[in-house]
Amino acid sequence: MSEGSGGGGPVVHGFPHLDAVRSAITALYRRLSPEGVRSYAASLSPAEAAFSDVDDLYPGAQRVAGALVRHLQLPQARVVVGFRRMEHAASVELTAGPEYFVELNDRFRTHRRDIGAALAHEITHVLLHRLGLEFPGTRDNEILTDTVTAYLGAGWLLLDAFRQDAVSSQKLGYLTPEEFGYVLAKRAMVFDEDPSVWFTSPQAYTAYTRGRAEALRDLHRPPLTAAGWAGRRRYAKDRRLARDRPGAGHDPSLPYAFESGPDGFRVSFSCPTCHQRVRVPVRGRTRARCGLCRTVLECDT
């Protein structure tokens, strides 16, 4: 697990990994099914992850690990937590089980409030290992892990571990703070929750609001009926050009693509919930259902 800027270096902001994050959400829905995702409707509570400086180190770490194992619905998985000097925040030994060994950076001996955040990421690695869900390459696989941790209700801890002051900064995970906010907002829209009430870090709250604004933009892109006037006007222009020049190449910067085929003139776009591609006929107002997450989408094609 990346420790980000635990040593005080610059924290990357914005949405540089957004495509990979969206692919991770799609992969999660494909692997778990909509019913499987909905089984994580309740987020990990702050009380389950609470760790004070007066708690005994090893029993406390085991308690939080056990809460995360239960939350992530890992059957018969015992996580043994240790501490040692290392470059990154934490690591996990992925074996066939039933025991898994997580090692945390020695600095968590005295920064105990963030033990839950570090464990959430590592125990999600265990879940993904058991599910057989992975992306090629370390970077994308870590982005997948961060995204799944947040989307399944434990990743608010990782965003809350983001803190900055005049002389130092700390961030856990591979996603930027705003990307964590984006994933948490996508989850909040599905389960009607407000994770911002759990944040103890002011910087985490700010990052969440920025991520939520980006997530809301997904709901206002053509051909969805909630798209704004400017988007609708651009969509109408692109639709006309696609009809007049059916062989023209697709502009990858657009959130939709037109295609002509045996089934007539159609438009494809990403589902704002799971980001699976949805294809519908171009025929004005219509209602579509995403074939993956089953979200009903109101469209004006």
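## Getting your bearings: helices, sheets and charged pairs

Glu179 sits in helix α7, which covers residues 177-191. Everything here comes from a predicted model. Glu179 makes a handy starting point: the residue is buried yet has no salt bridge. Elsewhere, a search of the whole structure turns up 19 salt bridges, while the disulfide count is zero.

**Two residues of helix α7**

- For Glu179, the nearest side chain of opposite charge belongs to Arg139, and that is 7.3 Å away.
- So who does Glu179 touch? Setting aside neighbours within four places in sequence, Glu179 is in contact with Gly14, Phe15, Pro16, His17 and Leu18.
- Lys186 also has its place in helix α7, and Lys186 is buried too, with a relative accessible area of 3%.
- Once neighbours within four places in sequence are left out, the contacts of Lys186 are Ile25, Tyr151, Ala215, Asp218, Pro272, Thr273 and His275.
- One of those contacts is Tyr151; Lys186 and Tyr151 are 35 residues apart in sequence, with their C-alpha atoms 7.6 Å apart in space.

**Salt bridges**

- Lys186 belongs to a network of salt bridges that also links Arg22, Glu214, Arg217, Asp218 and Arg221.
- Within that network, Arg217 pairs with Glu214, and their closest N and O atoms are 2.8 Å apart.
- Both Arg217 and Glu214 lie in helix α8 (residues 202-218), three residues apart, which is about one turn of the helix.
- Arg217 is partly exposed at 42% relative accessible area, whereas Glu214 is buried at 11%.
- Arg221 forms a salt bridge with Asp218, with 3.2 Å between the closest N and O atoms.
- Here Arg221 is partly exposed, with a relative accessible area of 28%, and Asp218 is buried, with 6%.
- Arg294 and Glu35 meet through their side chains in another salt bridge, at 2.3 Å from N to O.
- That pair ties together distant parts of the chain: Arg294 is in the loop between β9 and β10, Glu35 is in helix α1 (residues 18-38), and the two are 259 residues apart.
- Arg294 counts as partly exposed at 41% relative accessibility, and Glu35 counts as partly exposed at 41% as well.

**The hairpin around Arg294**

- β9 and β10 form a hairpin with six residues between them, and Arg294 in the turn has a positive phi of about 70°.
- Strand β9 (residues 285-289) runs antiparallel to β10, and five bridges join the two.
- Which residue of β10 does Arg285 stand opposite? That would be Asp300.
- Strand β10 (residues 296-300) has two faces: Leu297 and Cys299 make up the covered one, while Val296, Glu298 and Asp300 are on the uncovered one.

**The β1-β3-β2 sheet**

- Three strands form an open sheet in the order β1-β3-β2, with mixed pairing.
- β1 (78-84) and β2 (90-93) are at the edges with a single partner strand each, so one side of each has no neighbour in the sheet.
- Neighbouring strands of this sheet are turned against each other by 20° on average, direction ignored.
- Helix α4 (residues 115-131) packs on the sheet and touches β1, β2 and β3, its direction making about 145° with that of β3.
- β1 and strand β3 (residues 99-105) pair in the parallel sense over seven bridges; Val80, for instance, has Phe101 as its bridge partner in β3.

**The β6-β7-β8 sheet**

- Another open sheet has three strands in the order β6-β7-β8, and its pairing is antiparallel.
- The edge strands are β6 (256-261) and β8 (277-281); each has a single partner strand, so one side of each is left without a neighbour in the sheet.
- From one strand to the next, the twist averages 25°.
- Helix α9 (residues 229-244) packs on this sheet, touching β6 and β7, and its direction makes about 25° with that of β6.
- Strand β7 (residues 264-270) and β8 run antiparallel and are joined by five bridges, with Val267 bridged to Val280 in β8.

**Cysteines without a disulfide**

- A disulfide is a covalent bond between the sulfur atoms of two cysteines.
- The count of disulfides in this model is zero.
- Cys271 is in no disulfide, and its nearest cysteine sulfur, in Cys293, is 3.6 Å away.
- Why is Cys290 not bonded to Cys274? Their sulfurs are 3.5 Å apart, which is too far for a bond, as the cut-off is 2.5 Å.
- Both Cys271, at 0% relative accessibility, and Cys290, at 1%, count as buried.

Methods
Residues numbered from 1 in each chain as written. Predicted model: local features only at pLDDT ≥ 70, side-chain atom pairs only at ≥ 80, totals over all residues. Heavy atoms only, no water. Buried < 20%, exposed > 50% of the residue type's maximum accessible area, 1.4 Å probe, protein only. Helix = DSSP H or I, 4+ residues; strand = E, 2+ residues; numbered from the N terminus. Pairing = 2+ DSSP bridges. Axes fitted to C-alpha atoms, helices over the stretch in contact; angles between N-to-C directions. Contact = heavy atoms within 4.5 Å. Lys, Arg positive; Asp, Glu negative; His and termini not counted. Salt bridge = Lys/Arg side-chain N within 4 Å of Asp/Glu carboxyl O.
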